[in-house]
Amino acid sequence: MPAPIRLRELIRTIRTARTQAEEREMIQKECAAIRSSFREEDNTYRCRNVAKLLYMHMLGYPAHFGQLECLKLIASQKFTDKRIGYLGAMLLLDERQDVHLLMTNCIKNDLNHSTQYVQGLALCTLGCMGSSEMCRDLAGEVEKLLKTSNSYLRKKAALCAVHVIRKVPELMEMFLPATKNLLSEKNHGVLHTSVVLLTEMCERSPDMLAHFRKNEKLVPQLVRILKNLIMSGYSPEHDVSGISDPFLQVRILRLLRILGKSDDDSSEAMNDILAQVATNTETSKNVGNAILYETVLTIMDIKSESGLRVLAINILGRFLLNNDKNIRYVALTSLLKTVQTDHNAVQRHRSTIVDCLKDLDVSIKRRAMELSFALVNGNNIRGMMKELLYFLDSCDPEFKADCASGVFLAAEKYAPSKRWHIDTIMRVLTTAGSYVRDDSVPNLIQLITNSVEMHAYTVQRLYKALLDDISQQPLVQVASWCIGEYGDLLVSGQCEEEEPIQVTEDEVLDVLEGLLVSNLSTPVTRGYSLTAIMKLSTRFSSVNRIKKVVSIYGSSIDVELQQRAVEYNALFKKYDHMRPALLERMPIMEKTATNGPTEIVQTNGETEPSVVEPKHPPPVTQPANQANDLLDLLGGNDVVPVIQTTLPTKPASAGGELLDLLGDLSLSGIPPMIAYNKNGLKIDFTFERANPNPNIAVITIHASNTTEADMTDFVFQAAVPKTFQLQLLSPSSNVVPALNQGTVTQVIRVLNPQKQQLRMRIKLTYTHKGSPVQDLAEVNNFPPQSWQ
Amino acid sequence: MIKAILIFNNHGKPRLSKFYEHYTEDTEQQIIRETFHLVSKRDENVCNFLEGGMLIGGSDYKLIYRHYATLYFVFCVDSSESELGILDLIQVKVFVETLDKCFENVCELDLIFHVDKVHNILAEMVMGGMVLETNMNEIITQVDAQNKMEKSEAGIAGAPARAVSAVKNMNLPEMPRNINIGDISIKVPNLPSFK
């Protein structure tokens, strides 16, 4: 068989291929030749073949059949063979192949070879791809080599030890004695790798960290080395642009950071040297900046004195003004890390950071945006928001979503006035409306309902925005909801904040109908606008037009629209008497309280009907607008506004199920009591104790009616003294049927951490025989077991 | 820790690929393609740091790259490495300058035809994903010594290479240019006295 071609020839041949297919053909031919050569067990040319195979592997062609050959090469005596063999092993083999275990013996022998380069090769391969079994077997050899005086081998052994520790953390103790003299080496290569080894050990195990701090007195040693590096004059072998071995300096600074973190003694020992490095390093070249950057990170992480911290932040500020983009990027990243702890110092550089928003570089813009949001506070909100809104206008689409949510959050936290807040929101919606996140629509709606005095202004502005542009869905959704709610304010021209515009009812309905037919509207938006039109039927006088629109959509193809239209139609026909109550104004919504409920919790009494049809969707369309099925599942009521519970309500007999839902409650034998009994309305309290938390008393009220007329729109409210916390879950219904035919139940949870006497003031409102009734009462006769 | 070192040209063809973590061959090729895609989109005067692509680990990993003539040198590192330090590693004293010294004004063709040598140089610099040696002279000394060992074993096939290095190392004394013998008067003996 003729001698296989050399690697160079192969490369030359492949480069002459003009198409991918030609190249593939050549490679396949060569692969076949290599395979037959392997089968012949030809020792002389094996390394040449494997070299070619590695080249083909780099181009992306399969080369797994060469794995065993690599092993044979490693076992050979010649250095050339070993070199290619180990390279092949590193490129082709990894833990997942079983073949790699066969290497263990070879590596072991080579680790004890007479030639240092062979030992070096073995260490290199073990350090790159040794599996945990291999590492366990060979850790002893590595440890021996760590103590040798040959610096070439020592540095390789150190890095190999790092790999071993990463794979098998339990072996860390084994390397501990060898590390004792590592730092007294003169050779910088060894110093460098030893510092890496020590860093790895300290990062992995807090015990090691403590050990190094106390016993080894590591910090003084490192400080000494660093000092030598800075103070010693020019040393040609380690010099990089005028600075002595910057790589080693950076590594030492990093290790000092780990040692000094949350440890006062070590931090104190380092203060001087850090100050020295920070002031003496030359910043004209990248190397100097690299060292300064590392120093700044170290100063921020350890317990340094405040003067040093200010120095560090000033260095970062100087970086920000540097022309080199890399430096600015790095400065922004580190400022982001420190803005939580040293907020005031970073504020000083606010204007520079805001300027970076206008930079052309995408990475810098992103960092600057994140940092700007972190720097917003009550004082600078107006100025910052102006800049950020300008940024939102002009930035790339990939930023808009994050920027918009950031603006909303910041506005919520620091808004100086409600009007400003609403203006900002309007601005965001109109400029980046389509990038706003889905959950911001309900948040916005909640915000708008809460600012009662701004309703007229808000709806007017939203209406005007709708006239301009209906393509941005979140804007359209919020606008149609508001028009539905506050359309009467719009038409009556009541706005105080702004020049009121003259709008007729027909124009408003035109706009809303336009949304329904437009191609730009998504189905969700259409749902919103249909409901808005429906709501206007109680606020406007031109009901006929609305009736017509609703009946048209009764045969719409979109199932959701059709269902809504049909049910609204039913509202006009059969349930017309319920319509005004259903479509009344929404009450102020409380945000979902995650940190404890407030004293009086308003129930969602007024606008929810007391259900007769389980599938009737309430005239509220948010926040679960994407889960219209959820509305159906929950039986229609009490979905929104989400106050404290999502427990579905069912007719009165559901009291027992409610109890089951509340988890493992044991009826603790506390006797029930009558809390209120007047005018035919009787309210009983029954008690349970919630097992997971014995301080919570769970009270179920049962309201019953002994008169002959139903009590409709029944609302129960309760208040407790300040030391208690109260949570009111939703009632089973709003109608207390006459003549004790049923009861309305509602669950109250009272948190009583101080175990004081439970007292409660209750307020009842209902409509009886057409006239509204309101009553206040105090409940003091709680049995002692309920609060002990 | 350095996750991968890639060198590819302006068209995305890989010239060197070394991964310090385990991936299948397909994934490796995909990573090379994705990295090329991300890096080639960058302008000339933007900063040299990028978030890593999805395959290589997403935003935990950074790509630090330098573009020299027709080649991109890309290091994929995690947060434990200093970005500016790696930049120096690629550029100033270490990788590129070492290649320059070893190959005498290195160009892309050198990298193409001597992939294995480049791997050997890299192995002296970065081991197991961590920086081993940063002193350029040290690295070159080691690489030279190993190359010499290789040549001494090469046998007949290494003859041309040995001849080249022999000529390079030959210590030729200064060749005299003018040979001035001077005036040679050759005394010819009297022939008649020869009887």
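A salt bridge is a side-chain nitrogen of Lys or Arg within 4 Å of a carboxyl oxygen of Asp or Glu. The model is predicted, so local features need pLDDT of at least 70 and side-chain atom pairs count only at pLDDT 80 or more, while totals for chains, interfaces and linings use all residues. Residues are numbered from 1 along each chain as its sequence is written, chains are lettered from A and ligands numbered from 1 in the order in which they are written, and side-chain values use heavy atoms, leaving out hydrogens and water.

**Exercise 1. Find how many salt bridges the whole structure holds, then look at a pair in chain A.**

Step 1: The search over all chains gives 35 salt bridges.

Step 2: One pair is A:K52 with A:E30, at 3.0 Å from N to O. A:K52 sits in helix α3 (residues 46-59) of chain A and A:E30 in helix α2 (residues 20-39) of chain A, 22 residues apart. Helices here are DSSP runs of H or I with at least four residues, strands are runs of E with at least two, and both are numbered from the N terminus.

Step 3: Check the cover. Both A:K52 and A:E30 are buried; buried means under 20% relative accessible area, exposed over 50%, and partly exposed in between (1.4 Å probe, protein chains only).

**Exercise 2. Work out which parts of chain A are tied together by A:E485 and A:R539.**

Step 1: These side chains form a salt bridge, with the closest N and O atoms 3.8 Å apart.

Step 2: A:E485 lies in helix α26 (residues 473-492) of chain A and A:R539 in helix α28 (residues 523-539) of chain A, so the pair ties together parts that are 54 residues apart in sequence.

Step 3: A:E485 and A:R539 are both buried.

**Exercise 3. Decide whether B:E21 and B:K3 are buried or partly exposed.**

Step 1: Start with the contact: B:E21 and B:K3 form a salt bridge whose closest N and O atoms are 3.7 Å apart.

Step 2: Place each residue. B:E21 is in the loop between β2 (14-19) and α1 (25-40) of chain B, and B:K3 is in strand β1 (residues 2-9) of chain B, 18 residues apart.

Step 3: B:E21 is partly exposed because its relative accessibility is 30%, whereas B:K3 is buried because its relative accessible area is 6%.

**Exercise 4. Describe the makeup of chain B.**

Step 1: Its secondary structure comes to seven helices and seven strands.

Step 2: Of the 195 residues in chain B, 51% are buried.
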